[in-house]
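The following note is offered to a colleague who is meeting this structure for the first time. Please read the numbered points alongside the display.

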Amino acid sequence: MGGETKYEIHQNAYIKLVLHALKHKTSAVNGVLLGRLSGDDTVEIVDSVPLFHSQIGLLPPLEIALIMIEEYYNDKGLSIVGYFHANERFDDFELSNVAKNIGDHISKYSPGAALLLLDNKKLEALPKGKDGNPVMQLYTKDTSRSWKLVGSDRLTVKEPSANVILLDFISSKKWKDITDFDDHLDDISKDWLNSDLFN
Amino acid sequence: MVSKTEEEQVNRLESQVENGGGGAWEYLCLVRKLKLRRSDKVLKFGLSILNDPKKRSALGPEEWTLYEEVAVAAMDCQCLDVAKEFTKVLQKKFPGSKRVGRLEAMLLEAKGSWAEAEKAYMSLLEDNPLDQIVHKRRAAMAKAQGNIPLAIESLNKYLEIFMADQDAWRELAEIYVSLQMYKQAAFCYEELILSQPTIPLFHLSYADVLYTLGGLENLQTAKKYYASTIDLTGGKNTRALFGICLCTAAIGQLTKGRNKEDKENSQLQSLSAVALEKDYKQRNQSKHSLLTATLKSLKLS
(Lines give C-alpha, C1' and ligand atoms only; values in the text may rest on other atoms or scores of the structure.)
Protein backbone atom coordinates (compact mmCIF):
# COMPACT_ATOMS: atom_id res chain seq x y z
CA MET A 1 0.00 0.00 0.00
CA GLY A 2 1.41 3.40 -1.00
CA GLY A 3 2.52 5.92 1.62
CA GLU A 4 -0.42 8.12 2.47
CA THR A 5 -3.52 5.91 2.58
CA LYS A 6 -6.64 7.79 3.55
CA TYR A 7 -9.46 6.29 5.59
CA GLU A 8 -13.06 7.32 5.15
CA ILE A 9 -15.56 6.01 7.66
CA HIS A 10 -19.29 5.92 6.97
CA GLN A 11 -21.56 7.63 9.46
CA ASN A 12 -23.35 4.54 10.71
CA ALA A 13 -20.12 2.64 11.27
CA TYR A 14 -18.70 5.63 13.14
CA ILE A 15 -21.75 6.23 15.31
CA LYS A 16 -22.10 2.57 16.27
CA LEU A 17 -18.57 2.50 17.67
CA VAL A 18 -18.95 5.66 19.74
CA LEU A 19 -22.37 4.67 21.08
CA HIS A 20 -20.93 1.30 22.08
CA ALA A 21 -18.18 3.01 24.06
CA LEU A 22 -20.77 5.24 25.73
CA LYS A 23 -22.93 2.30 26.67
CA HIS A 24 -20.06 0.75 28.61
CA LYS A 25 -18.46 3.77 30.21
CA THR A 26 -16.77 1.78 32.95
CA SER A 27 -14.83 -0.65 30.77
CA ALA A 28 -12.70 -0.84 27.67
CA VAL A 29 -14.57 -1.76 24.49
CA ASN A 30 -13.53 -2.80 21.04
CA GLY A 31 -14.92 -3.44 17.58
CA VAL A 32 -13.99 -4.36 14.03
CA LEU A 33 -14.15 -2.22 10.95
CA LEU A 34 -15.53 -3.59 7.71
CA GLY A 35 -14.86 -2.07 4.37
CA ARG A 36 -13.10 -2.12 1.04
CA LEU A 37 -10.39 -0.45 -0.96
CA SER A 38 -11.63 2.48 -2.96
CA GLY A 39 -9.36 3.75 -5.67
CA ASP A 40 -5.62 3.67 -5.21
CA ASP A 41 -5.20 5.18 -1.83
CA THR A 42 -8.44 5.20 0.14
CA VAL A 43 -9.89 2.61 2.46
CA GLU A 44 -13.64 2.98 2.87
CA ILE A 45 -14.87 1.85 6.27
CA VAL A 46 -18.43 0.99 5.40
CA ASP A 47 -19.62 -0.73 8.54
CA SER A 48 -18.51 -1.74 12.02
CA VAL A 49 -19.38 -4.43 14.53
CA PRO A 50 -19.04 -3.67 18.24
CA LEU A 51 -17.34 -6.67 19.81
CA PHE A 52 -16.75 -6.82 23.56
CA HIS A 53 -16.96 -4.85 26.76
CA SER A 54 -15.38 -7.36 29.13
CA GLN A 55 -12.17 -9.37 29.28
CA ILE A 56 -11.04 -8.07 25.93
CA GLY A 57 -7.72 -9.91 26.12
CA LEU A 58 -9.26 -13.36 25.84
CA LEU A 59 -9.04 -15.25 22.55
CA PRO A 60 -12.02 -17.62 22.33
CA PRO A 61 -14.83 -15.05 21.97
CA LEU A 62 -12.65 -13.00 19.59
CA GLU A 63 -11.93 -15.98 17.34
CA ILE A 64 -15.60 -16.94 17.08
CA ALA A 65 -16.58 -13.33 16.41
CA LEU A 66 -14.03 -12.87 13.64
CA ILE A 67 -15.05 -16.07 11.86
CA MET A 68 -18.73 -15.18 11.96
CA ILE A 69 -18.18 -11.57 10.96
CA GLU A 70 -15.95 -12.47 8.04
CA GLU A 71 -18.42 -15.10 6.91
CA TYR A 72 -21.26 -12.58 6.93
CA TYR A 73 -19.49 -9.68 5.29
CA ASN A 74 -17.59 -11.61 2.62
CA ASP A 75 -20.94 -12.24 0.96
CA LYS A 76 -21.44 -8.50 0.84
CA GLY A 77 -18.07 -7.87 -0.74
CA LEU A 78 -16.62 -6.35 2.41
CA SER A 79 -13.70 -7.51 4.51
CA ILE A 80 -12.22 -6.64 7.89
CA VAL A 81 -10.16 -3.52 7.33
CA GLY A 82 -9.40 -2.41 10.84
CA TYR A 83 -9.97 -2.41 14.58
CA PHE A 84 -11.48 0.05 17.04
CA HIS A 85 -10.54 0.34 20.70
CA ALA A 86 -11.70 2.54 23.53
CA ASN A 87 -9.70 2.57 26.76
CA GLU A 88 -11.23 2.11 30.18
CA ARG A 89 -10.02 5.40 31.62
CA PHE A 90 -10.90 8.86 30.33
CA ASP A 91 -7.35 10.18 30.27
CA ASP A 92 -5.68 7.07 28.93
CA PHE A 93 -4.35 7.73 25.44
CA GLU A 94 -2.02 4.80 25.30
CA LEU A 95 -2.49 2.08 22.72
CA SER A 96 -2.60 -1.06 24.84
CA ASN A 97 -0.78 -4.25 23.93
CA VAL A 98 -4.07 -6.05 23.51
CA ALA A 99 -5.15 -3.48 20.94
CA LYS A 100 -1.81 -3.71 19.14
CA ASN A 101 -1.92 -7.50 19.07
CA ILE A 102 -5.43 -7.65 17.67
CA GLY A 103 -4.42 -4.96 15.20
CA ASP A 104 -1.39 -7.03 14.20
CA HIS A 105 -3.57 -10.06 13.61
CA ILE A 106 -5.93 -8.08 11.41
CA SER A 107 -3.01 -6.54 9.49
CA LYS A 108 -1.85 -9.99 8.51
CA TYR A 109 -4.95 -10.48 6.44
CA SER A 110 -5.53 -6.88 5.58
CA PRO A 111 -2.37 -4.90 4.94
CA GLY A 112 -2.94 -1.22 5.51
CA ALA A 113 -5.44 -1.97 8.25
CA ALA A 114 -6.47 0.96 10.43
CA LEU A 115 -6.42 1.02 14.20
CA LEU A 116 -8.80 3.57 15.68
CA LEU A 117 -8.61 4.72 19.28
CA LEU A 118 -11.45 6.66 20.86
CA ASP A 119 -10.36 10.18 21.74
CA ASN A 120 -12.24 10.91 24.97
CA LYS A 121 -11.20 14.53 25.14
CA LYS A 122 -12.56 15.20 21.65
CA LEU A 123 -15.72 13.31 22.54
CA GLU A 124 -16.20 15.43 25.63
CA ALA A 125 -15.65 18.63 23.64
CA LEU A 126 -18.11 17.64 20.94
CA PRO A 127 -21.18 19.55 22.21
CA LYS A 128 -19.15 22.72 22.57
CA GLY A 129 -17.58 23.03 19.16
CA LYS A 130 -18.64 22.53 15.58
CA ASP A 131 -15.98 19.96 14.81
CA GLY A 132 -16.91 17.67 11.96
CA ASN A 133 -13.89 15.47 12.46
CA PRO A 134 -14.23 12.02 13.97
CA VAL A 135 -13.53 11.72 17.70
CA MET A 136 -10.91 9.08 17.10
CA GLN A 137 -7.19 8.79 16.69
CA LEU A 138 -5.86 6.90 13.70
CA TYR A 139 -2.92 4.53 13.91
CA THR A 140 -1.39 2.73 10.97
CA LYS A 141 1.40 0.26 10.69
CA ASP A 142 4.26 1.70 8.78
CA THR A 143 7.26 -0.08 7.33
CA SER A 144 8.85 -0.20 10.78
CA ARG A 145 6.13 -2.70 11.65
CA SER A 146 4.87 -0.79 14.66
CA TRP A 147 1.69 1.20 15.12
CA LYS A 148 2.18 4.91 14.72
CA LEU A 149 -0.22 7.75 15.39
CA VAL A 150 -1.02 9.41 12.13
CA GLY A 151 -2.24 12.91 11.24
CA SER A 152 -5.98 13.33 11.83
CA ASP A 153 -6.42 14.65 8.30
CA ARG A 154 -6.12 11.09 7.04
CA LEU A 155 -9.32 9.96 8.77
CA THR A 156 -12.59 11.54 7.73
CA VAL A 157 -16.25 10.75 8.12
CA LYS A 158 -18.06 10.42 4.83
CA GLU A 159 -21.12 12.42 5.88
CA PRO A 160 -20.19 15.91 7.16
CA SER A 161 -23.10 16.02 9.58
CA ALA A 162 -22.14 12.81 11.36
CA ASN A 163 -21.18 14.51 14.63
CA VAL A 164 -24.47 16.41 14.71
CA ILE A 165 -26.36 13.14 14.39
CA LEU A 166 -24.07 11.57 16.99
CA LEU A 167 -24.79 14.35 19.48
CA ASP A 168 -28.48 13.89 18.86
CA PHE A 169 -28.21 10.19 19.60
CA ILE A 170 -26.17 10.87 22.72
CA SER A 171 -28.81 13.16 24.16
CA SER A 172 -31.53 10.65 23.41
CA LYS A 173 -29.41 7.91 25.07
CA LYS A 174 -29.52 5.85 21.90
CA TRP A 175 -26.61 3.78 23.20
CA LYS A 176 -29.10 1.68 25.13
CA ASP A 177 -30.06 0.01 21.87
CA ILE A 178 -26.58 -1.08 20.86
CA THR A 179 -25.86 -4.80 20.88
CA ASP A 180 -22.33 -6.15 20.81
CA PHE A 181 -20.89 -9.61 20.36
CA ASP A 182 -20.61 -10.06 24.14
CA ASP A 183 -24.37 -9.50 24.39
CA HIS A 184 -24.92 -12.01 21.60
CA LEU A 185 -22.83 -14.69 23.31
CA ASP A 186 -24.80 -14.14 26.51
CA ASP A 187 -28.10 -14.34 24.62
CA ILE A 188 -27.93 -15.54 21.05
CA SER A 189 -31.26 -13.98 20.17
CA LYS A 190 -29.52 -10.57 20.28
CA ASP A 191 -28.44 -9.18 16.92
CA TRP A 192 -24.78 -8.10 16.77
CA LEU A 193 -25.47 -6.61 13.35
CA ASN A 194 -27.62 -3.94 14.99
CA SER A 195 -29.79 -4.06 11.85
CA ASP A 196 -32.65 -2.19 13.52
CA LEU A 197 -30.54 0.47 15.19
CA PHE A 198 -30.94 3.27 12.67
CA ASN A 199 -34.54 2.62 11.65
CA MET B 1 -22.14 -11.29 40.12
CA VAL B 2 -25.76 -11.95 39.32
CA SER B 3 -27.73 -14.74 37.78
CA LYS B 4 -29.81 -14.25 34.65
CA THR B 5 -33.06 -14.34 36.64
CA GLU B 6 -31.78 -11.74 39.09
CA GLU B 7 -30.70 -9.50 36.23
CA GLU B 8 -34.07 -9.84 34.51
CA GLN B 9 -35.79 -8.99 37.78
CA VAL B 10 -33.75 -5.81 38.18
CA ASN B 11 -34.31 -4.78 34.57
CA ARG B 12 -38.03 -5.35 34.86
CA LEU B 13 -38.22 -3.23 38.03
CA GLU B 14 -36.09 -0.58 36.40
CA SER B 15 -38.40 -0.12 33.42
CA GLN B 16 -41.40 -0.28 35.72
CA VAL B 17 -40.10 2.63 37.78
CA GLU B 18 -38.92 4.44 34.64
CA ASN B 19 -42.46 4.27 33.25
CA GLY B 20 -44.06 5.62 36.40
CA GLY B 21 -45.24 2.30 37.79
CA GLY B 22 -43.65 2.76 41.20
CA GLY B 23 -41.30 0.41 43.02
CA ALA B 24 -38.37 2.78 43.36
CA TRP B 25 -37.53 1.75 46.90
CA GLU B 26 -37.73 -1.94 45.96
CA TYR B 27 -35.38 -1.28 43.05
CA LEU B 28 -32.89 0.60 45.20
CA CYS B 29 -32.83 -2.19 47.80
CA LEU B 30 -32.34 -4.81 45.12
CA VAL B 31 -29.48 -2.91 43.48
CA ARG B 32 -27.83 -2.51 46.88
CA LYS B 33 -28.27 -6.18 47.71
CA LEU B 34 -26.90 -7.40 44.37
CA LYS B 35 -24.09 -4.83 44.44
CA LEU B 36 -24.88 -3.60 40.94
CA ARG B 37 -23.46 -0.47 39.42
CA ARG B 38 -26.45 1.43 38.02
CA SER B 39 -25.55 4.82 39.32
CA ASP B 40 -27.60 6.94 36.92
CA LYS B 41 -30.83 5.16 37.83
CA VAL B 42 -29.99 4.97 41.55
CA LEU B 43 -29.36 8.70 41.52
CA LYS B 44 -32.55 9.49 39.63
CA PHE B 45 -34.87 7.23 41.61
CA GLY B 46 -33.14 7.96 44.92
CA LEU B 47 -33.52 11.70 44.47
CA SER B 48 -37.20 11.30 43.70
CA ILE B 49 -37.64 9.74 47.13
CA LEU B 50 -35.24 11.91 49.12
CA ASN B 51 -36.51 15.19 47.69
CA ASP B 52 -40.05 14.35 48.70
CA PRO B 53 -40.48 14.86 52.47
CA LYS B 54 -43.47 12.49 52.65
CA LYS B 55 -41.68 9.68 50.88
CA ARG B 56 -38.58 10.35 52.93
CA SER B 57 -40.26 10.07 56.31
CA ALA B 58 -42.03 6.90 55.18
CA LEU B 59 -38.59 5.25 55.06
CA GLY B 60 -37.97 5.61 58.77
CA PRO B 61 -34.40 4.71 59.79
CA GLU B 62 -33.67 3.39 56.27
CA GLU B 63 -33.57 7.01 55.15
CA TRP B 64 -29.90 7.23 56.12
CA THR B 65 -28.92 4.10 54.18
CA LEU B 66 -30.57 5.65 51.16
CA TYR B 67 -28.64 8.89 51.60
CA GLU B 68 -25.43 6.85 51.60
CA GLU B 69 -26.43 4.81 48.55
CA VAL B 70 -27.44 7.87 46.55
CA ALA B 71 -24.34 9.82 47.63
CA VAL B 72 -22.12 7.09 46.20
CA ALA B 73 -24.20 6.95 43.00
CA ALA B 74 -23.95 10.72 42.71
CA MET B 75 -20.17 10.49 42.94
CA ASP B 76 -20.14 7.87 40.19
CA CYS B 77 -22.17 10.23 37.98
CA GLN B 78 -19.93 13.18 38.87
CA CYS B 79 -22.83 15.04 40.53
CA LEU B 80 -20.54 16.15 43.29
CA ASP B 81 -22.88 18.82 44.69
CA VAL B 82 -25.52 16.23 45.44
CA ALA B 83 -22.89 13.91 46.91
CA LYS B 84 -21.51 16.69 49.10
CA GLU B 85 -24.96 17.73 50.29
CA PHE B 86 -25.94 14.21 51.27
CA THR B 87 -22.60 13.55 52.96
CA LYS B 88 -23.18 16.67 55.05
CA VAL B 89 -26.65 15.41 56.01
CA LEU B 90 -25.10 12.16 57.19
CA GLN B 91 -22.30 13.98 59.01
CA LYS B 92 -24.91 15.94 60.96
CA LYS B 93 -26.87 12.85 61.85
CA PHE B 94 -23.85 10.67 62.70
CA PRO B 95 -21.06 12.96 63.91
CA GLY B 96 -17.70 11.20 64.22
CA SER B 97 -18.87 8.15 62.31
CA LYS B 98 -16.20 6.14 60.52
CA ARG B 99 -18.71 5.08 57.90
CA VAL B 100 -19.39 8.70 57.06
CA GLY B 101 -15.64 9.34 57.18
CA ARG B 102 -15.28 6.77 54.45
CA LEU B 103 -17.88 8.61 52.40
CA GLU B 104 -15.95 11.86 52.83
CA ALA B 105 -12.78 10.17 51.63
CA MET B 106 -14.65 8.80 48.62
CA LEU B 107 -15.83 12.31 47.84
CA LEU B 108 -12.21 13.47 47.75
CA GLU B 109 -11.52 10.57 45.42
CA ALA B 110 -14.39 11.53 43.14
CA LYS B 111 -13.03 15.07 42.98
CA GLY B 112 -9.67 13.73 41.89
CA SER B 113 -7.91 14.97 45.03
CA TRP B 114 -5.85 11.83 45.19
CA ALA B 115 -3.34 12.86 47.83
CA GLU B 116 -6.01 14.08 50.23
CA ALA B 117 -8.11 10.99 49.67
CA GLU B 118 -5.08 8.79 50.34
CA LYS B 119 -4.44 10.67 53.61
CA ALA B 120 -8.07 10.23 54.62
CA TYR B 121 -8.04 6.51 53.85
CA MET B 122 -4.75 5.99 55.71
CA SER B 123 -6.13 7.67 58.81
CA LEU B 124 -9.25 5.50 58.62
CA LEU B 125 -7.00 2.46 58.41
CA GLU B 126 -5.06 3.55 61.48
CA ASP B 127 -8.26 3.27 63.49
CA ASN B 128 -9.37 0.09 61.79
CA PRO B 129 -6.63 -1.73 59.85
CA LEU B 130 -9.09 -4.42 58.80
CA ASP B 131 -11.51 -2.13 56.98
CA GLN B 132 -11.95 -4.07 53.75
CA ILE B 133 -13.77 -1.33 51.88
CA VAL B 134 -11.00 1.19 52.52
CA HIS B 135 -8.32 -1.25 51.39
CA LYS B 136 -10.20 -1.81 48.17
CA ARG B 137 -10.79 1.90 47.62
CA ARG B 138 -7.01 2.40 47.73
CA ALA B 139 -6.56 -0.23 45.02
CA ALA B 140 -9.33 1.42 43.02
CA MET B 141 -7.60 4.80 43.35
CA ALA B 142 -4.36 3.34 42.03
CA LYS B 143 -6.25 1.96 39.04
CA ALA B 144 -8.07 5.25 38.46
CA GLN B 145 -4.79 7.10 38.35
CA GLY B 146 -3.47 4.64 35.79
CA ASN B 147 -0.96 3.15 38.21
CA ILE B 148 -1.78 -0.43 37.36
CA PRO B 149 1.32 -2.01 38.98
CA LEU B 150 0.33 -0.36 42.26
CA ALA B 151 -3.25 -1.55 41.85
CA ILE B 152 -1.98 -5.10 41.34
CA GLU B 153 0.32 -4.82 44.33
CA SER B 154 -2.48 -3.44 46.53
CA LEU B 155 -4.88 -6.17 45.50
CA ASN B 156 -2.29 -8.88 46.09
CA LYS B 157 -1.54 -7.53 49.56
CA TYR B 158 -5.25 -7.31 50.28
CA LEU B 159 -5.84 -10.88 49.16
CA GLU B 160 -3.06 -12.17 51.43
CA ILE B 161 -5.26 -11.09 54.33
CA PHE B 162 -8.73 -11.45 52.86
CA MET B 163 -8.26 -14.46 50.63
CA ALA B 164 -11.96 -15.29 50.54
CA ASP B 165 -12.92 -12.07 48.75
CA GLN B 166 -14.20 -13.27 45.39
CA ASP B 167 -14.74 -9.79 43.99
CA ALA B 168 -11.10 -8.95 44.60
CA TRP B 169 -9.83 -12.12 42.92
CA ARG B 170 -12.05 -11.41 39.93
CA GLU B 171 -10.91 -7.81 39.69
CA LEU B 172 -7.28 -8.93 39.88
CA ALA B 173 -7.86 -11.58 37.21
CA GLU B 174 -9.43 -9.01 34.89
CA ILE B 175 -6.54 -6.61 35.38
CA TYR B 176 -4.09 -9.42 34.53
CA VAL B 177 -6.08 -10.32 31.41
CA SER B 178 -6.06 -6.70 30.26
CA LEU B 179 -2.27 -6.76 30.56
CA GLN B 180 -2.06 -10.15 28.85
CA MET B 181 -0.56 -11.68 32.02
CA TYR B 182 -2.51 -14.86 31.46
CA LYS B 183 -0.57 -17.16 33.80
CA GLN B 184 -1.31 -14.83 36.70
CA ALA B 185 -4.94 -14.55 35.65
CA ALA B 186 -5.15 -18.35 35.57
CA PHE B 187 -3.88 -18.47 39.15
CA CYS B 188 -6.69 -16.14 40.26
CA TYR B 189 -9.33 -18.28 38.60
CA GLU B 190 -7.80 -21.38 40.18
CA GLU B 191 -8.26 -19.77 43.59
CA LEU B 192 -11.85 -18.93 42.73
CA ILE B 193 -12.63 -22.44 41.52
CA LEU B 194 -11.06 -23.94 44.66
CA SER B 195 -13.20 -21.79 46.94
CA GLN B 196 -16.40 -21.94 44.86
CA PRO B 197 -16.26 -25.02 42.65
CA THR B 198 -19.91 -24.86 41.59
CA ILE B 199 -19.91 -21.42 40.01
CA PRO B 200 -19.75 -21.97 36.22
CA LEU B 201 -18.44 -18.48 35.46
CA PHE B 202 -15.12 -19.31 37.10
CA HIS B 203 -14.73 -22.54 35.12
CA LEU B 204 -15.55 -20.66 31.92
CA SER B 205 -13.13 -17.81 32.51
CA TYR B 206 -10.41 -20.25 33.51
CA ALA B 207 -10.95 -22.21 30.30
CA ASP B 208 -10.85 -18.98 28.26
CA VAL B 209 -7.55 -17.98 29.85
CA LEU B 210 -6.01 -21.43 29.30
CA TYR B 211 -7.08 -21.41 25.66
CA THR B 212 -5.53 -17.99 25.25
CA LEU B 213 -2.28 -19.23 26.80
CA GLY B 214 -2.22 -22.04 24.27
CA GLY B 215 -0.11 -25.15 24.06
CA LEU B 216 -1.41 -28.69 23.98
CA GLU B 217 -1.64 -29.23 27.72
CA ASN B 218 -3.48 -25.95 28.33
CA LEU B 219 -5.89 -26.64 25.48
CA GLN B 220 -6.71 -30.06 26.87
CA THR B 221 -7.30 -28.63 30.33
CA ALA B 222 -9.36 -25.80 28.83
CA LYS B 223 -11.53 -28.36 27.13
CA LYS B 224 -12.14 -30.06 30.48
CA TYR B 225 -13.23 -26.79 32.04
CA TYR B 226 -15.51 -25.91 29.14
CA ALA B 227 -17.00 -29.35 29.68
CA SER B 228 -17.48 -28.72 33.39
CA THR B 229 -19.10 -25.38 32.57
CA ILE B 230 -21.52 -27.15 30.25
CA ASP B 231 -22.21 -29.62 33.04
CA LEU B 232 -22.85 -26.88 35.60
CA THR B 233 -25.12 -24.90 33.26
CA GLY B 234 -27.13 -27.79 31.85
CA GLY B 235 -25.66 -27.26 28.40
CA LYS B 236 -27.09 -23.76 28.14
CA ASN B 237 -23.88 -21.79 28.03
CA THR B 238 -23.13 -20.74 24.45
CA ARG B 239 -19.57 -19.64 25.21
CA ALA B 240 -18.67 -23.05 26.66
CA LEU B 241 -20.17 -24.86 23.68
CA PHE B 242 -18.10 -22.72 21.33
CA GLY B 243 -15.12 -23.30 23.59
CA ILE B 244 -15.31 -27.04 23.06
CA CYS B 245 -15.35 -26.56 19.30
CA LEU B 246 -12.40 -24.17 19.41
CA CYS B 247 -10.37 -26.48 21.64
CA THR B 248 -11.04 -29.52 19.51
CA ALA B 249 -9.99 -27.64 16.39
CA ALA B 250 -6.85 -26.27 18.01
CA ILE B 251 -5.88 -29.61 19.54
CA GLY B 252 -6.48 -31.24 16.18
CA GLN B 253 -4.06 -28.77 14.60
CA LEU B 254 -1.36 -29.51 17.15
CA THR B 255 -1.72 -33.27 17.02
CA LYS B 256 -2.04 -33.67 13.27
CA GLY B 257 -0.85 -37.10 12.36
CA ARG B 258 -1.00 -38.46 15.88
CA ASN B 259 -3.96 -40.77 16.12
CA LYS B 260 -4.83 -40.88 19.79
CA GLU B 261 -8.10 -39.67 21.37
CA ASP B 262 -9.70 -39.13 17.99
CA LYS B 263 -13.04 -40.65 18.87
CA GLU B 264 -13.43 -38.93 22.21
CA ASN B 265 -12.39 -35.59 20.81
CA SER B 266 -14.79 -35.55 17.93
CA GLN B 267 -17.70 -36.89 19.95
CA LEU B 268 -17.60 -34.01 22.40
CA GLN B 269 -17.27 -31.55 19.56
CA SER B 270 -20.16 -32.98 17.58
CA LEU B 271 -22.37 -32.94 20.67
CA SER B 272 -21.53 -29.29 21.24
CA ALA B 273 -22.07 -28.48 17.59
CA VAL B 274 -25.46 -30.16 17.63
CA ALA B 275 -26.44 -28.24 20.75
CA LEU B 276 -25.38 -24.93 19.16
CA GLU B 277 -27.24 -25.66 15.93
CA LYS B 278 -30.39 -26.50 17.82
CA ASP B 279 -30.11 -23.36 19.90
CA TYR B 280 -29.57 -21.02 16.97
CA LYS B 281 -32.36 -22.63 14.99
CA GLN B 282 -34.70 -22.00 17.89
CA ARG B 283 -33.61 -18.57 19.03
CA ASN B 284 -31.92 -16.80 16.14
CA GLN B 285 -32.87 -18.39 12.86
CA SER B 286 -31.35 -15.58 10.82
CA LYS B 287 -27.88 -16.30 12.16
CA HIS B 288 -28.21 -20.06 11.83
CA SER B 289 -26.43 -20.36 8.51
CA LEU B 290 -23.58 -18.23 9.86
CA LEU B 291 -23.26 -20.63 12.76
CA THR B 292 -23.16 -23.62 10.44
CA ALA B 293 -20.44 -21.99 8.36
CA THR B 294 -18.47 -21.15 11.52
CA LEU B 295 -18.65 -24.69 12.80
CA LYS B 296 -17.63 -25.97 9.39
CA SER B 297 -14.53 -23.79 9.32
CA LEU B 298 -13.62 -24.98 12.82
CA LYS B 299 -13.88 -28.61 11.83
CA LEU B 300 -11.63 -28.11 8.87
CA SER B 301 -9.12 -25.67 10.38
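1. What radius of gyration would a compact globule of 199 residues have, and what value does chain A have? The model under review is a predicted one. With 199 residues, a compact globule would have a radius of gyration near 16 Å, and chain A agrees with this because its own value is 16 Å. Along the principal axes, the C-alpha trace of chain A extends about 40 × 40 × 30 Å.

2. On secondary structure, chain A contains 6 helices and 8 strands. Read from the N terminus, their order is β-α-β-β-α-β-α-β-α-β-β-β-α-α. The chain therefore opens with a strand and ends with two helices in succession.

3. On packing, 55% of the 199 residues in chain A are buried. Of the contacts in chain A between residues at least 6 apart in sequence, 69% join residues at least 24 apart.

4. On the surface and charge of chain A, the accessible surface comes to about 8,800 Å², and carbon and sulfur atoms account for 48% of that area. The chain carries 22 positive and 30 negative side chains. The centres of these two sets are 4 Å apart.

5. Gly31(A) may serve as a worked example from chain A. This residue lies in strand 2, which covers residues 29-38. Is Gly31(A) buried or exposed? Its relative accessible area is 0%, so Gly31(A) is buried, the cut-off being under 20%. Neighbours within four places in sequence aside, Gly31(A) is in contact with Leu17(A), Val49(A), Pro50(A), Leu51(A), Tyr83(A) and Phe84(A). Met68(A) stands 37 residues from Gly31(A) along the chain, and the C-alpha atoms of the two are separated by 14 Å.

6. In chain B, attention is drawn to Thr87(B), which is part of helix 6 (residues 80-93). Thr87(B) counts as buried because its relative accessibility is 2%, and buried means under 20%. Which residues does Thr87(B) touch, not counting those up to four places away in sequence? They are Ala71(B), Val100(B), Leu103(B), Glu104(B) and Leu107(B).

7. A record also bears on chain B. In an unreviewed entry, UniProt lists residues 99-209 of chain B as "domain: EMC2 TPR-like". Over residues 99-209 of chain B, the model is 82% helix and 0% strand. The C-alpha atoms at the two ends of this stretch are 38 Å apart.

Definitions and conventions: Residues numbered from 1 in each chain as written. Chains lettered and ligands numbered in written order. Predicted model: local features only at pLDDT ≥ 70, side-chain atom pairs only at ≥ 80, totals over all residues. Heavy atoms only, no water. UniProt positions renumbered as here; feature names shortened; annotations may be inferred. Helix = DSSP H or I, 4+ residues; strand = E, 2+ residues; numbered from the N terminus. Rg over C-alpha atoms; globule rule 2.2 N^0.38 Å. Buried < 20%, exposed > 50% of the residue type's maximum accessible area, 1.4 Å probe, protein only. Contact = heavy atoms within 4.5 Å. Areas by Shrake-Rupley, 256 points an atom, 1.4 Å probe, with all protein chains shown as cover. Lys, Arg positive; Asp, Glu negative; His and termini not counted. Charge placed at Lys NZ, Arg CZ, Asp CG, Glu CD.
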